[in-house]
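Hi,

Here is the structure I promised to pass on. Have a look at it first, and then read my notes underneath.

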Amino acid sequence: REAQHRAWTPVSYTVTRQNATVQGLIEGKAYFFRIAAENLIGMGPFTETTKEIMIRDPITVPDRPEDLEVKAVTKNSVTLTWNPPKYNGGSDITMYVLESRLIGKDKFHKVTKEKMLDRKYTVEGLKEGDTYEYRVSACNIVGQGKPSFCTKPITCKDEIAPPTLDLDFRDKLIVRVGEAFSLTGRYSGKPAPKVTWLKDDIVVKEDDRIKIKTTPTTLCLGILKSVREDTGKYCVTVENSTGSRKGFCQVNVVDRPSPPVGPVIFDEVYKDHMVVSWKPPLDDGGSEITNYIIEKKDTHKDLWMPVTSATVKTTCKVPKLLEGREYQIRIYAENLYGISDPLISDEMKAKDRFRVPDAPEQPIIKDVTKDSAVVVWNKPYDGGKPITNYIVEKKETMATRWVKATKDPIFPGTKFKVPDLLEGCEYEFRVSAENEIGVGDPSPPSKPIFARDPIAKPSPPVNPEAVDKTKNSVDLSWQPPRHDGNGKIIGYLIEYQKVGDEEWKKANLTADSCPETKYKVTGLTEGLTYKFRVKAVNAAGESDPAHVHDPVEVKDRLEPPELILDANMAREQHVKAGDTLRLSAVIKGVPFPKVTWKKEDHEVSPKADIEVTGVGSKLEIRNTVHEDGGIYSLTVENPAGSKTVSVKVVILDKPGPPRNLKVSDVRSDSCYLTWMEPEDDGGSVITNYVVERKDVASAQWVAISSSSKKRSHMAKYLMEGTQYQFRVAAENQFGRGPYVETLKPIKAIDPLHPPGPPKNLHHVDVDKTEVSLVWNRPDRDGGAEITGYLVEYQEDGADEWTKFQTVPMLDCVVTGL
């Protein structure tokens with residue numbers, strides 16, 4: 001039953017369990033409940049709740065918060081946001097608990113100790129490079145609920161995002177003077193970008209009219225009461241460490257034009273009309289001038305009358321004037337945005353202004369022959385009255401008096417053929433114009449001309465061609481023209497044109513600077529291709545050009561090196577010792593080759609003078625010595641190739657010492673000498689050898705042969721037992737070379753040999769332990785007296801002989817057997 005009512009309402013009659021769910025209660029109301037048990041006999045007494053029960057949902061801890069997100073990360077902070085739990089557990093959320101866990105550790109730790117109800121928090125004081133995960137729990141009166149799902153691991157580092165730029169304006173903006181305009185947009189980027197405004201590449205600065213507003217996400221440049229000077233190209237730059245973005249807008253602040261620029265010029269004044277002119281406005285207001293409005297006013301009246309409003313020219317004819325009246329003219333400029341202030345002229349009277357004609361410009365003389373010339377001139381200003389006659393005068397240049405060329409009138413033509421000139425004389429001409437007022441001033445005198453039959457322009461030069469080139473020049477050559485036009489060729493004009501250009505440039509300014517049929521065009525750019533043409537020039541003028549057939553690419557021409565050998569570079573060069581060695585050759589090649597001299601593949605001796613010119617090279621060695629001989633090579637090399645020539649240089653000198661002097665077959669009165677030819681014959685054939693001997697006890701060498709061509713000699717007439725030394729030198733046509741001596745003295749004695757074997761060895765007596773032997777002298781004693789005989793014995797069957805003793809006589813008793 002409800003607490004306020006007394007009537008009980010049954011809930012269920014069929015409950016067999018010890019619990020029941022009561023439905024259909026009204027939240028916020030208080031109820032009492034009672035229960036009775038029932039069996040077959042009937043229902044027992046009720047048991048009632050002791051106090052009323054208020055109906056409301058049970059209070060639990062809140063659910064987990066939702067949508068935990070990382071909003072920003074820097075190297076030492078993390079900013080997080082989240083949404084409240086779907087269910088608060090039946091009680092308001094009292095605070096949130098944010099926890100973090102360092103990756104690699106097990107436990108979560110509270111991030112903040114203070115009570116936190118905001119659903120956004122920035123965790124600060126973190127260590128750069130550390131990685132954390134976060135979770136958040138909600139608390140109510142009951143307690144702390146489940147934590148949210150963890151964030152992904154977050155590493156502390158500055159977030160980087162390149163700038164973005166989203167502009168609200170287009171490429172072009174047209175603004176009327178006095179109006180305000182703004183350029184706005186949005187941007188983003190991490191770290192926060194720097195925003196810069198430029199106008200025509202100059203930084204925009206704020207003032208009373210110019211305002212710049214920048215928030216973390218928006219940008220704005222505003223200009224109040226714009227003026228013409230605000231016209232320009234505006235640029236906004238959004239830049240951070242990862243890059244930059246730019247936006248552009250061409251702002252055109254437009255206005256009506258400024259007035260036309262004066263003064264108003266009265267070009268022509270007549271009794272019934274005038275022609276006036278002026279200059280355009282300095283400022284067209286940012287929009288093209290569409291027309292000028294011209295008005296006139298009689299100075300005696302206040303009324304301005306329209307002349308025209310449909311001209312874009314800066315000149316105008318003002319018609320319908322009254323002769324003698326004074327007029328003012330005013331002029332407006334108009335564009336799409338309005339009409340300028342007027343330009344007002346001075347006063348001008350409408351009347352004819354007549355005078356004699358002006359002097360013509362200097363006349364030009366054409367078609368000169370030996371007795372005539374044609375004078376041509378331009379019509380001068382007629383002074384307001386028509387020209388009725390021209391007066392042509394002539395005079396010899398050395399004379400002082402001008403003479404009329406004809407008494408007949410010359411009109412309306414502006415040229416006249418003057419007759420009756422004297423051949424070879426030099427003339428000047430002048431022209432005057434005449435109208436009804438009178439004769440005007442004469443023109444300046446023409447250029448002097450000689451009365452002689454004309455010379456024509458020459459024909460073009462023949463067969464121009466590029467004969468050589470470098471990285472910045474081209475050499476041209478051609479033949480003279482076939483026809484010189486009856487006049488001497490003064491010279492030639494050379495022109496060149498870069499391929500692709502239309503303009504021809506002059507290589508020389510005057511023809512007399514190139515009198516010959518060749519020219520080097522310099523100052524060209526390496527790697528470019530040029531066309532060339534040549535004109536011949538005589539007194540009559542320039543010929544038609546003759547073109548070099550093909551364009552020429554300007555670069556160093558490559559020609560392989562070429563050697564033209566001088567006579568001293570023959571295969572073999574003989575130089576007498578002490579004289580000067582000269583080797584030279586003419587060298588060609590483009591570019592000019594590098595020159596290298598070597599001797600036997602080594603550097604040339606420092607005493608050699610080497611000279612390299614633009615046409616060749618020369619090597620010179622003074623006071624040559626034997627060591628200067630050898631094979632000299634000259635190598636020339638450029639990018640197109642290389643070439644080498646060699647010459648064998650023989651220094652003609654006395655020969656070197658003979659080699660390998662030996663003594664053999666020594667006897668008591670002679671010995672045999674042999675030797676080998678010198679290593680160096682001095683460049684000339686060995687003519688003979690000089691052999692000398694010397695007693696060791698004497699200081700004097702004695703010649704024993706001076707004409708032998710052989711490399712051996714029998715030295716005779718020696719004294720037995722004396723010690724000798726020998727020496728040999730070689731001679732050629734340049735003299736005698738150094739001697740070679742025997743290494744040690746030679747004693748003049750017959751040679752010794754071992755004696756021959758004793759003869760007729762036999763025994764004469766035998767005992768049980770000894771044998772008596774005798775023998776005869778040998779046939780030869782070997783050249784010396786026999787000093788004894790060696791007796792040996794051998795047991796039969798043994799291999800070795802046993803020495804017994806040496807005896808002086810021809811018998812011996814061998815004992816101990």
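Let's start with a small open sheet of 3 strands, in the order 38-39-42, with antiparallel pairing. Strand 38 (462-469) and strand 42 (518-521) are the edge strands, and each has a single partner, so one side of each is left without a neighbour in the sheet. On average, neighbouring strands here are turned by 25 degrees against each other, if you ignore direction. If you want to zoom in, strand 39 (residues 474-479) pairs with strand 42 over 4 bridges, in the antiparallel sense. Look for Leu476 there: standing opposite, in strand 42, is Tyr519.

Keep in mind that this is a predicted model. The average pLDDT of the protein is 90, and 100% of the residues score at least 70. Where is confidence lowest, and where is it highest? The low end is strand 4 (residues 53-54), with a mean of 84, while strand 24 (residues 291-298) takes the top spot at 95.

Next, the domains. The unreviewed UniProt entry places "domain: Fibronectin type-III" at residues 1-58, 64-159, 259-353, 359-454, 460-557, 657-751 and 757-817. I looked at a couple of these spans. Residues 64-159 are 0% helix and 45% strand, and their end C-alpha atoms are 29 Å apart. For residues 359-454 the figures are 0% helix and 36% strand, with the end C-alpha atoms 29 Å apart.

The record, again an unreviewed entry, also puts "domain: Ig-like" at residues 163-252 and 561-646. In residues 163-252 you'll find 0% helix and 64% strand, with 28 Å between the end C-alpha atoms. Residues 561-646 come out at 0% helix and 62% strand, and there the end C-alpha atoms are 16 Å apart.

Last, the inside. Which residues of the largest nonpolar core touch the most other members? That core has 20 residues, and the answer is Leu581, Leu583, Trp597, Leu619, Tyr632 and Leu634. At least two core residues come from each of strand 49 (581-590), strand 50 (594-599), strand 53 (616-621), strand 54 (630-638) and strand 55 (641-652). Leu581 is a good one to click on: leaving aside residues up to four places away in sequence, Leu581 touches Gln573, Val575, Leu619, Glu620, Ile621, Thr624, Tyr632 and Val649.

Shout if anything is unclear.

Cheers

Methods
Residues are numbered from 1 along each chain as its sequence is written. This is a predicted model: local features need pLDDT of at least 70, side-chain atom pairs count only at pLDDT 80 or more; totals for chains, interfaces and linings use all residues. Side-chain values use heavy atoms; hydrogens and water are left out. pLDDT is the predictor's confidence in each residue, from 0 to 100. A nonpolar core is a set of buried Ala, Val, Leu, Ile, Met, Phe, Trp, Tyr and Cys residues joined through side-chain atoms within 4.5 Å. Buried means under 20% relative accessible area, exposed over 50%, partly exposed in between (1.4 Å probe, protein chains only). Contact means heavy atoms within 4.5 Å. Two strands pair if DSSP finds at least two bridges between them. Axes are lines fitted to C-alpha atoms, for helices over the stretch in contact, and angles run from 0 to 180 degrees between N-to-C directions. UniProt positions are given in the numbering used here, feature names are shortened, and annotations may be inferred rather than shown by experiment.
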